[in-house]
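Let's take a friendly tour of the empty spaces in this protein. Have a look at the structure first, then follow the points below.

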Amino acid sequence: MASPTKKETAPAGFAGELQRHLRGLKALRGSGAKPPPRLAELKRWQSDRLTRSYADIAAQPRYRAATSFFIDDLYGPKDFSGRDQAMLRILPVMTRILPASAVETAALAIELEALSEDLDHRLAAALAPGPITVESYASAYGESSTREERQRQIDLIDAVGHRLDALVSKPLVSRTLALMRRPAKLAGLGDLQEFLERGFASFRDMKGADEFLAVLRDREGAILKRLFSGEAEPFSPR
């Protein structure tokens, strides 16, 4: 029997990774999960910080939608547990109708979200009593995570962004998303469909994401270094 080609085996492998990370997310924020009491407060604080850090990028029409997707849909304080469950439900369909590159991108995106959610849980649990300040955030950040974990988070942002940028040029992916719209609504997956379409549209409309992703990588990398070195005002522009 001939050996299966890489193209044939890739979707199943990526689907396994996607399923594993979705189950990890379910454990963190699904039914029965017990998040730390200050998690929502932390997420609002982080969302506000990101909004300030990238206000100059969001002010540029070319990058406005992508910045909003990055802050609101990937790092915002929304409850995404329903979307996680929806993705688990349609995983067999996704792996059957989407190209391997799209499934791989989804797997990396959910790995990013699972890692970020885990880091947020640990950071929220490590916060000192009282309102969140830059100082209390920096202390909990260093106490609850490693430099390697935080660097992996930035690397995943960059990898997912570049893969999305490549996908938006593939007509098949665009057509598939459009064809999924009505079935998704009928199946109660409207929120998931809107999330996928927002991400796809925001990268398509940029017409090239290299500059945007370089800004994210460089700024977040510099902030990471300042937080772990204990510098004052780690989020200030330099």
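The second largest cavity in this predicted model encloses about 270 Å³ of space. Its lining is made up of 19 residues, and we can look at who they are before moving on to the other spaces.

**The second largest cavity**
- Nearest the centre of this cavity lie Arg49, Tyr137, Arg150, Gln153 and Glu220.
- The helices α2, α6, α7 (134-144), α8 and α11 each give two or more residues to the lining.
- Sorted by character, the lining has twelve nonpolar, three polar and four charged residues.

**The largest cavity**
- In total, the structure holds three cavities of 30 Å³ or more, and the largest of them has about 500 Å³ of space.
- Around the largest cavity sit 30 lining residues, with Thr105, Ala106, Ala109, Leu164 and Leu196 nearest its centre.
- Elements giving two or more residues to this lining include α4 (61-74), α5 (81-97) and α9 (171-186).
- The largest share, seven residues, comes from α6.
- Of the lining residues of the largest cavity, 26 are nonpolar, three are polar and one is charged.

**The largest pocket**
- Now for a pocket: the largest one has a volume of about 300 Å³.
- It is lined by 13 residues, and the closest to its centre are Ser53, Ile223, Phe235, Ser236 and Pro237.
- Two elements, α2 (39-53) and α11 (210-229), give two or more residues to the pocket lining.
- The pocket lining divides into six nonpolar, two polar and five charged residues.

Technical notes: Residues numbered from 1 in each chain as written. Predicted model: local features only at pLDDT ≥ 70, side-chain atom pairs only at ≥ 80, totals over all residues. Heavy atoms only, no water. 1 Å grid on protein atoms, 1.4 Å probe; cavity = no way out; pocket = protein on both sides within 12 Å on 5 of 7 lines; lining within 4 Å. Points joined across faces, edges and corners; volume = space filled by probe spheres on them. Helix = DSSP H or I, 4+ residues; strand = E, 2+ residues; numbered from the N terminus. Nonpolar A, V, L, I, M, F, W, Y, C, P; charged D, E, K, R; others polar.
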